[in-house]
Amino acid sequence: MEIGIFSGSFNPVHIGHLALANYLCEYEGLDEVWFMVSPHNPLKKEAELMDDQLRLELVRLSIAGYPKFRASDFEFRLPRPSYTVHTLDKLKQTYPHDIFHLIIGADNWALFPCWYQSERILAENPILVYPRPGYAVDASSLPLNVKLASSPVFDISSTFIRRAMKEGRDVRYFLHPAVYEALK
């Protein structure tokens, strides 16, 4: 199977994540997208994260009933901080018959050279880059195993949602209804 690995804090998961993953399955050739809930992204402050199990449960609630999505706690069992290269290595070892595509935003593609062992990730894995506002990617300059998805741009972030909720704003239409209810 062609599986997209959508790693993220999902702090919380929102409709932008879901719509993008849906698009990648339906239009970019992925059989499934695994929402890889990251316990600690080395480029983010750990103190800003909701509890790992809560973020995983929110992903599970948001994808229930859609057979092409899977909530994954795979990284919870790996050493911290969580490095993508280690996750991809372990996935390929655990599921040798599947092909894993790393899904990253154009904002992360701009930072990709800063990632731990980025050159090895690039050499050994197909990468699918999705557009993000303010981050232009020249598709003609991408390496052969890197593809720019032509997905719609979703200008929404978990940071925006957390801030809005702290301010007491109603953000129900930015979240899956089950996630909104769980966070209320």
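**Entry 1: phenylalanine 160 and the surface**

I began with phenylalanine 160, which I found in helix H6, the run of residues 158–166. The model I am reading is a predicted one, and I keep that in mind throughout these notes. Is phenylalanine 160 buried or exposed, or does it fall in between? With a relative accessibility of 34%, phenylalanine 160 counts as partly exposed, because the partly exposed class lies between the 20% and 50% limits. I then looked for its partners at the surface, and I noted that Phe160 forms a nonpolar patch together with Ile15 and Phe174. The accessible area of this patch, taken over the three residues together, is about 220 Å².

**Entry 2: the nonpolar cores**

Next I turned to the interior and asked which residues have the most contacts inside the largest nonpolar core. This core has 32 residues, and the ones with the most contacts inside it are Phe6, Leu24, Val33, Phe35, Val59 and Phe69. I listed the elements that each supply at least two residues of this core: the helices are H1 (15–27), H2 (52–63), H6 and H7 (177–183), and the strands are E2, E3 (69–72) and E5 (127–130). The largest share comes from H1, which gives six residues.

I picked valine 59 for a separate look, and, leaving aside its neighbours within four places in sequence, I found valine 59 in contact with Phe10, Val13, Phe35, Val37 and Ala71. There is also a second core, separate from the one above, with 14 residues, among them Ile104, Ala106, Phe112 and Val146.

**Entry 3: the buried side of helix H3**

For helix H3, which runs over residues 84–94, I wanted to know which residues are buried, and I noted Thr84, Val85, Thr87, Leu88 and Leu91. Why do they lie on the same side of H3? They cover an arc of only 160° around the axis, and therefore they share one side of the helix. As a reminder to myself, an α-helix has 3.6 residues a turn, so residues three or four places apart point the same way. I then followed the buried residues of H3 outward and saw that they pack against strands E1 (2–8), E2 (32–37) and E4 (99–105), and against helix H5 (118–124).

**Entry 4: salt bridges**

I went on to the charged side chains, bearing in mind that those of opposite charge can pair when their charged atoms come close. The count comes to twelve salt bridges, and I looked up some of them in detail.

Lysine 147 forms a salt bridge with glutamate 28, with 2.7 Å between the closest N and O atoms. This pair links distant parts of the chain, since lysine 147 sits in strand E6 (residues 146–148) and glutamate 28 in the loop between H1 and E2, 119 residues apart. Lysine 147 is partly exposed at 41% relative accessibility, whereas glutamate 28 is buried at 13%.

Arginine 55 forms a salt bridge with aspartate 52, and here too I read 2.7 Å for the closest N and O atoms. Both residues belong to helix H2, and because they are three residues apart, about one helical turn separates them. Arginine 55 is buried at 0% relative accessibility, and aspartate 52 counts as buried at 15%. I also noted that Asp52 and Arg55 are linked with Arg80 in a network of salt bridges.

A further pair is arginine 169 with glutamate 167, whose side chains meet in a salt bridge at 2.7 Å, N to O. Arginine 169 is exposed, with a relative accessible area of 55%, while glutamate 167, at 47%, is partly exposed.

**Entry 5: backbone details**

Last, I checked the backbone, recalling that most residues other than glycine have a negative phi, and most peptide bonds are trans. Where does a cis peptide bond occur? I found one joining asparagine 11 and proline 12, with omega at about 10°, and proline 12 lies in the loop between E1 and H1.

Phenylalanine 10 is found in the loop between E1 and H1, and although phenylalanine 10 is not a glycine, its phi is positive, at about 45°. Phenylalanine 10 is buried, with a relative accessible area of 3%, and I had already met Phe10 as a contact of valine 59.

Glutamine 117 likewise is not a glycine and has a positive phi, of about 55°. I placed glutamine 117 in the loop between helix H4 (106–111) and H5, and noted that glutamine 117 is partly exposed, with a relative accessible area of 31%.

Note on methods:
Residues are numbered from 1 along each chain as its sequence is written. This is a predicted model: local features need pLDDT of at least 70, side-chain atom pairs count only at pLDDT 80 or more; totals for chains, interfaces and linings use all residues. Side-chain values use heavy atoms; hydrogens and water are left out. Buried means under 20% relative accessible area, exposed over 50%, partly exposed in between (1.4 Å probe, protein chains only). Helices (H or I, at least four residues) and strands (E, at least two) are DSSP runs, numbered from the N terminus. The arc is that of the directions from the helix axis to the C-beta atoms. Contact means heavy atoms within 4.5 Å. Patches are made of residues with over 30% relative accessible area and no salt bridge: like charges are joined within 9 Å, nonpolar side chains (Val, Leu, Ile, Met, Phe, Trp, Tyr) within 5 Å. Accessible areas come from the Shrake-Rupley method with a 1.4 Å probe; for residues, only the protein chains shown count as cover. A salt bridge is a side-chain nitrogen of Lys or Arg within 4 Å of a carboxyl oxygen of Asp or Glu. A nonpolar core is a set of buried Ala, Val, Leu, Ile, Met, Phe, Trp, Tyr and Cys residues joined through side-chain atoms within 4.5 Å.
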